[in-house]
Amino acid sequence: VRAELRGRQGFVVREGVAAGRASAIGRRNAVSVMEDRTRKAVDEKRQLLDVVLEEIESDKSLRAGISEPRLRALFDPVAAGVPAASVGRSLLDSLKK
């Protein structure tokens, strides 16, 4: 899964990243920023995570909105699946009763 994500330059998680940043910069702005950063990543043949990390390093207002570990977690397919797995286990457990 990680190799597939890297092969797609991280683009498959951009909506989740936008949602994660929405509380800091607003949903519309977060989506717009991620679209711009996706274009930049494509144009420069870089990973989206690297472009976004560069952005928060250079823009103090964005840095305050999300930590680097949180941002990395948003790009991590395993970490992203943990909440869904937890909900799934709870539902299965409730069906067993």
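Among contacts in the protein between residues at least 6 apart in sequence, what percentage join residues at least 24 apart? The figure is 46%. The model behind this value is predicted.

## Overall make-up

The protein has 7 helices and 0 strands. Read from the N terminus, the order of elements is α-α-α-α-α-α-α.

Of the 97 residues in the protein, 30% are buried. The accessible surface amounts to about 6400 Å², and carbon and sulfur atoms account for 54% of that surface.

## Confidence

Mean pLDDT for the protein is 77, with 72% of residues reaching 70 or more. Among the elements, α3 has the highest mean pLDDT, at 89. The lowest mean, 54, belongs to helix α1, residues 2-7. Where pLDDT is low, predicted coordinates should not be read in detail.

## Helix α3

Helix α3 covers residues 27-44, which is 18 residues. At 1.5 Å a residue, the helix should span 26 Å. The C-alpha atoms at its ends are 25 Å apart, in agreement with that expectation.

Which residues of α3 are buried? They are Ala30, Val33, Met34, Thr38 and Ala41. Because these residues cover an arc of only 140 degrees around the axis, they lie on the same side of α3. The other side of the helix carries Arg28 and Asp43, which are exposed.

## Packing of the buried side

What do the buried residues of α3 pack against? Their partners are α2, residues 14-25, and α4, residues 48-58. The buried set that makes this packing includes Val33 and Met34.

## The loop after α3

Just after α3 comes lysine 45, which is found in the loop between α3 and α4. Its phi is near 50 degrees, a positive value in a residue other than glycine.

Is lysine 45 buried or exposed? Lysine 45 has a relative accessible area of 72%. Exposed means over 50%, so lysine 45 counts as exposed.

## Summary

Helix α3 has the highest mean pLDDT among the elements. Its buried residues are on the same side of the helix and pack against α2 and α4, while Arg28 and Asp43 are exposed on the other side. Lysine 45, in the loop between α3 and α4, is exposed and takes a positive phi.

How values were computed. Residues are numbered from 1 along each chain as its sequence is written. This is a predicted model: local features need pLDDT of at least 70, side-chain atom pairs count only at pLDDT 80 or more; totals for chains, interfaces and linings use all residues. Side-chain values use heavy atoms; hydrogens and water are left out. Helices (H or I, at least four residues) and strands (E, at least two) are DSSP runs, numbered from the N terminus. The expected span of a helix is 1.5 Å times one less than its number of residues. Buried means under 20% relative accessible area, exposed over 50%, partly exposed in between (1.4 Å probe, protein chains only). The arc is that of the directions from the helix axis to the C-beta atoms. Contact means heavy atoms within 4.5 Å. Accessible areas come from the Shrake-Rupley method with a 1.4 Å probe; for residues, only the protein chains shown count as cover. pLDDT is the predictor's confidence in each residue, from 0 to 100.
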